[in-house]
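I set aside this session to look at how one helix sits among its neighbours, and I kept my entries in the order in which I looked things up.

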Amino acid sequence: MAFFLLLEIPPIAALIYQDGKLKTRHFVSSMGFAFSISPKAKGARKKRKMLGAIAGDIIGSPYEWKNIKTTNFPLFTPRSRFTDDTVLTVAVAESILEKADYVSKLKEYYRLYPSAGYGGMFRLWASSMEDAPYNSWGNGSAMRVSPVGFAFNSLEKVLEEAKKSAKVTHNHPEGIKGAMATASAIFLARTGSTKEQIRSYVEKEFGYELSKPIDEIRKTYRFDVSCQGSVPQAITAFLESEDFEDAIRKAVSIGGDSDTIACITGGIAQAFYGEVPEEIAKETMARLDEKLRSVVEKFTEAFL
Ligand SMILES: [Mg+2]
């Protein structure tokens with residue numbers, strides 16, 4: 001899509017390269033369609049990959065049960081691995097790609113990766129014949145939703161699809177809200193909204209409080225797997241960040257459910273900053289297996 005738009009609007013593309021380097025990432029085409037572009041990715045004929053949420057999960061994974069209250073830590077260690085957040089994010093991506101229903105995809109991926117670290121309720125649901133949702137308000141609905149924010153091209157559709165992806169398990173209002181807030185932040189971030197616009201939209205629409213600084217949150221934050229107790233903090237880590245890596249570091253630094261918080265932050269940060277830095281993308285891809293990598297590639301090809 002981005003490549004097509006570039007061909008269609010040569011004056012804007014030319015303007016980018018006259019400048020030598022890009023000062024602002026967001027442009028609106030003559031058709032009024034807002035989009036993001038990375039000159040580095042285009043120059044190298046490389047596409048941005050759907051890796052923001054997955055990188056957050058992998059980077060946060062060593063710290064979920066061993067919290068650190070600092071932004072100063074190694075991004076990748078021998079213990080950094082993909083967990084349930086990645087598996088279910090990829091399941092949602094494949095549902096969208098194949099137009100398959102969320103219930104069967106989530107269950108299929110659970111069977112493929114039974115030991116990825118799922119919550120107890122999800123495990124029971126995924127391993128049973130029962131398809132009815134279990135009224136969860138856990139952050140699982142928000143951790144898996146990022147592909148929705150990238151794949152659909154209006155805010156209305158993104159909100160509707162986020163709700164649909166959540167309520168197959170997380171049909172509690174807070175579970176649905178966490179997915180909708182995360183997906184809408186991704187959509188707004190990738191279509192040119194400023195951080196202030198994203199902050200005020202999410203505060204107004206979902207009632208999350210996003211003004212408490214990360215340095216304050218870090219002092220008292222404790223493990224909390226609810227949407228309402230982790231999604232606002234994850235969004236705040238993005239809002240306060242200077243770049244993708246800084247967003248992930250801030251997300252992990254508050255402690256708590258580190259892989260999931262960094263996963264939620266990572267999806268939004270990628271949408272806003274345009275891509276995952278190359279070194280982080282490389283380390284992330286190297287920690288996926290062939291199947292997960294191939295879905296990431298297909299989703300990237302189709303939507304990013
Ligand atoms: Mg996890």
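Entry 1, the pair H11 and H16. I began with the finding that H11 and H16 are roughly parallel to each other, and I note at the outset that the model is predicted. The reason lies in the packing angle between H11 (residues 173-190) and H16 (residues 258-273), which is about 20°, and angles under 35 degrees count as roughly parallel. The axes of H11 and H16 lie 7 Å apart, and H11 passes H16 in a right-handed crossing.

I then listed the residues that meet: on the H11 side they are Thr-182, Ala-185, Ile-186, Ala-189 and Arg-190, and on the H16 side Ile-264, Gly-267, Ile-268, Ala-271 and Phe-272. Sorted by character, the residues of this contact of H11 with H16 are 7 nonpolar, 2 polar and 1 charged.

Entry 2, the pair H11 and H12. Here I found a packing angle of about 155° between H11 and H12 (residues 195-206), with the axes 10 Å apart. Because angles over 145 degrees count as roughly antiparallel, H11 is roughly antiparallel to H12. The crossing of H11 past H12 is right-handed.

From H11, the residues Lys-177, Met-180, Ala-181, Ser-184, Ala-185, Leu-188 and Ala-189 take part, and they meet Gln-197, Ile-198, Tyr-201, Val-202 and Phe-206 of H12. I counted the residues of the contact of H11 with H12 by class and recorded 9 nonpolar, 2 polar and 1 charged.

Entry 3, H11 itself. How far should the 18 residues of H11 span at 1.5 Å a residue? The expected span is 26 Å, and the end C-alpha atoms of H11 are 26 Å apart, which agrees. I also checked burial, and since 16 of the 18 residues of H11 are buried, this helix is largely enclosed by the rest of the structure. H11 is followed by Gly-192, for which I noted a positive phi, near 100°.

Entry 4, Leu-188. Is Leu-188, which has its place in helix H11, buried or exposed? I found 23 other C-beta atoms within 10 Å of Leu-188, and because 20 or more make a residue buried, Leu-188 is buried. Leaving aside neighbours within four places in sequence, I recorded contacts of Leu-188 with Ser-193, Gln-197, Ile-198 and Tyr-201. Finally, I looked up the separation between the C-alpha atoms of Leu-188 and Phe-150, which is 10.0 Å, although these two residues are 38 residues apart along the chain.

Methods: Residues are numbered from 1 along each chain as its sequence is written. This is a predicted model: local features need pLDDT of at least 70, side-chain atom pairs count only at pLDDT 80 or more; totals for chains, interfaces and linings use all residues. Axes are lines fitted to C-alpha atoms, for helices over the stretch in contact, and angles run from 0 to 180 degrees between N-to-C directions. Angles under 35 degrees count as roughly parallel, over 145 as roughly antiparallel, 65 to 115 as roughly perpendicular and the rest as oblique. A crossing is left-handed if the near helix is turned anticlockwise from the far one by less than a right angle, and right-handed if clockwise. Two residues are in contact if their C-beta atoms, placed from the backbone, lie within 7 Å. Ala, Val, Leu, Ile, Met, Phe, Trp, Tyr, Cys and Pro count as nonpolar, Asp, Glu, Lys and Arg as charged, and the others, Gly among them, as polar. A residue is buried if 20 or more other C-beta atoms lie within 10 Å of its own, exposed if 12 or fewer, and partly exposed in between; C-beta atoms are placed from the backbone. The expected span of a helix is 1.5 Å times one less than its number of residues.
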